Every structure is written in C-alpha cells, then in structure tokens.
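Me: Could you walk me through this structure before I go back to the bench? I'd like to start with the overall build and then look at one helix.

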Amino acid sequence: MKKTTLVIGASVKPERYSNKAIKRLRSKTIEVKAIGLRTGTVLDVAIDTELKLYKDIHTVTLYLNPSRQKQYYDYIIGLQPKRVIFNPGTENFEFIKLLQKENIETEVACTLVLLGTGQY
C-alpha cells in the first residue's frame, strides 16, 4: 500500500525533526509532500508554502505547535487522509476530536520512532 505522507511544518534546517522525518521517510521509499513557512528542498522533496490540494495523502504528520494548527484544520480534513500523526509537542485534543469526528485516525506518536520500530 502506498503511504504518501504530507509533512506540515517542514524545514530545510537539518537539526529540525521535520527535516529528519522527511529524510527517514524517503530512505524507506515513502513518497513525501511537504509544507513549510519557507520554500526549499530536502533531498528530492520540495517544500511548498501554499496549501495544495494533494491527492491520495495517506498520512499527515504535524510539526506545528497547537496554536499554529488551527489555520490548517479545514485544509487537513479536506485532504481526507487515513491518519494524522501528532508528534511530540504538537498534541492538540481539540483537533483530534474534529479529525475523529470525520473518521480520520489520529496518533499521538513520533514519526521517527514509528519508522525506526517498523510501526509506520
């Protein structure tokens, strides 16, 4: 099964966890789309600043603190992903409830750990 992943909060800075996640996802040959505050590229993944209507997104993995997520609620729900991963520091129970109401699976977990333990 193809698990195209959208990384929201992507950064070109190598020390950022979003950057590490993109690299790890690509090392597992998972297709990645990315949205961040600034354009750039991580490996072969272009970081967009616009909210594009991607098709067939399986997983959205968040690297935005809860106060910055609100502007993405409708966008993420509109993509109808299978799941949304809330990485450490991004936990947002208001958004989790909205996603679950739309039958979108939610996980409070670390994408890097999930990938490293084969649970992704």
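Reply: What follows is a short tour of the chain, one helix and the loop after that helix.

Me: What kind of model is this, and how are residues numbered?

Reply: This is a predicted model, in which local features need pLDDT of at least 70 and side-chain atom pairs count only at pLDDT 80 or more, while totals for chains, interfaces and linings use all residues. Residues are numbered from 1 along each chain as its sequence is written, and side-chain values use heavy atoms, with hydrogens and water left out.

Me: How many helices and strands are there in the protein chain?

Reply: The protein chain has 5 helices and 7 strands, where helices (H or I, at least four residues) and strands (E, at least two) are DSSP runs numbered from the N terminus. From the N terminus on, the order of the elements is β-α-β-β-β-β-α-α-β-α-β-α.

Me: And what is its radius of gyration?

Reply: The protein chain has 13 Å, which agrees with the value near 14 Å for a compact globule of 120 residues; the radius is taken over C-alpha atoms, and the globule rule is 2.2 Å times the number of residues to the power 0.38. Buried residues make up 48% of the 120 residues, with buried meaning under 20% relative accessible area, exposed over 50% and partly exposed in between (1.4 Å probe, protein chains only).

Me: Now the helix: which residues of α1 are buried?

Reply: In α1, residues 17-27, the buried ones are Ser-18, Asn-19, Ala-21, Ile-22 and Leu-25. Seen down the axis of α1, these buried residues fall within an arc of 160°, so they line one face of the helix; the arc is that of the directions from the helix axis to the C-beta atoms. On the other side of α1, Tyr-17 and Ser-27 are exposed.

Me: What do the buried residues of α1 pack against?

Reply: They pack against β1 (5-8), β2 (32-35), β3 (40-42), β4 (45-48) and α5 (111-116), with contact meaning heavy atoms within 4.5 Å.

Me: Different topic: where is Thr-29, and is Thr-29 buried or exposed?

Reply: Thr-29 lies in the loop between α1 and β2, and Thr-29 counts as exposed because its relative accessibility is 69%. The phi of Thr-29, which follows α1, is positive, near 55°.

Me: How far apart are Thr-29 and Thr-4 in space?

Reply: Thr-29 and Thr-4 are 9.8 Å apart, C-alpha to C-alpha, and 25 residues apart in sequence.
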